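Visitor: May I ask for a close look at a single part of this protein, together with its surroundings? I should be grateful for an explanation of each term as it arises.

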Amino acid sequence: MPLKLFYNDMSPPVRAVLLTAKAINLEFDLREIDIANKEQLAPEFMEINPQHTIPTLVDEDFVIWDSHAIAGYLVSKYSEDDSLYPKEPRKRALVDQRLHFDSGILFPRVQNLVYPIITFNDKEISREKLSAINESYKFMDKFLENSTFLAGESLTIADFCCVSTISTATIIIPVSVERYPNLSKWYQLLKNLPYYEEANGVGLNKLDALVESKLGRPCHEDCMCNLAK
Ligand SMILES: N[C@@H](CCC(=O)N[C@@H](CS)C(=O)NCC(=O)O)C(=O)O
């Protein structure tokens, strides 16, 4: 039976799962959930995931949600090797730390930045929100000071989870090469993956267009500089 994924590719956590699946050649039976129309609150979906979040994966009689948990599950169950989610305790601990960083720090900050624009038509972005994103960029730049990827020299699911979130933040605040050289280099490396555009770029562009239409102007570096002052 095919793996069923409840998704919407504008969602960063969904895109992390799409990147993971592409990396290990997995296909999904995709079921779109329109968050703008509150389809996640439909009783049929709430029956599957009472927390009503996407992504949600159904693998036969097994249901799991949260992108980080799904990505780890997919690699553990379906990948030919463990390189994307190493079993060796210290390597795994480092990947897990980065996953928790995304889940507990990065994603909530990016959600706080973008969600009010697309849901409540907010036009202003507070200095606090911008500085929280810049602090997150600074954290990641430091994580990447001595390693090519977020958890060492190999690509892992931590890179997928963080790049889908970071790329979403760049809609509003581009990553400055001068201020965050390590983060910029890593972001470019991820963007060069052969499946990046299909798995992350397409949904990101849709979200970018939505944010732009809500703000009523393009989101570019200059306008953010003005907001950040
Ligand atoms: N930590 C979760 C976050 C999932 C999440 O918040 N997804 C949003 C879309 S980006 C959602 O489903 N929102 C609908 C809702 O909460 O009702 C994950 O990584 O999967």
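Guide: The account below begins with one helix and then turns to its surroundings. This is a predicted model, in which local features need pLDDT of at least 70 and side-chain atom pairs count only at pLDDT 80 or more, while totals for chains, interfaces and linings use all residues. Residues are numbered from 1 along each chain as its sequence is written, and side-chain values use heavy atoms, with hydrogens and water left out.

Helix 1 covers residues 12–23. Helices (H or I, at least four residues) and strands (E, at least two) are DSSP runs, numbered from the N terminus. With 12 residues at 1.5 Å a residue, helix 1 should span 16 Å, and its end C-alpha atoms are 17 Å apart, which agrees. The expected span is 1.5 Å times one less than the number of residues.

Helix 1 is mostly covered, since 10 of its 12 residues are buried. Buried means under 20% relative accessible area, exposed over 50%, and partly exposed in between (1.4 Å probe, protein chains only). Among the buried residues of helix 1 are Pro12, Pro13, Arg15 and Leu18. The buried residues of helix 1 pack against strand 1 (3–7), strand 2 (28–32), helix 3 (67–78), helix 4 (89–120), helix 6 and helix 8 (196–215); contact here means heavy atoms within 4.5 Å. After helix 1 comes asparagine 25, whose phi is positive, near 60°.

One of these partners, helix 6, spans residues 157–169 and holds isoleucine 166. Isoleucine 166 is buried, as its relative accessible area is 0%. Leaving aside residues up to four places away in sequence, isoleucine 166 touches Leu106, Tyr137, Met140, Val175 and Trp186. From valine 110, isoleucine 166 is 56 residues away in sequence, yet 7.9 Å away in space, C-alpha to C-alpha.

The wider setting can be described from a record. UniProt, in an unreviewed entry, places "domain: GST N-terminal" at residues 1–82 and "domain: GST C-terminal" at residues 88–215. UniProt positions follow the numbering used here, feature names are shortened, and annotations may be inferred rather than shown by experiment. Residues 1–82 are 37% helix and 22% strand, with end C-alpha atoms 23 Å apart. Residues 88–215 are 73% helix and 0% strand, and their end C-alpha atoms lie 46 Å apart.
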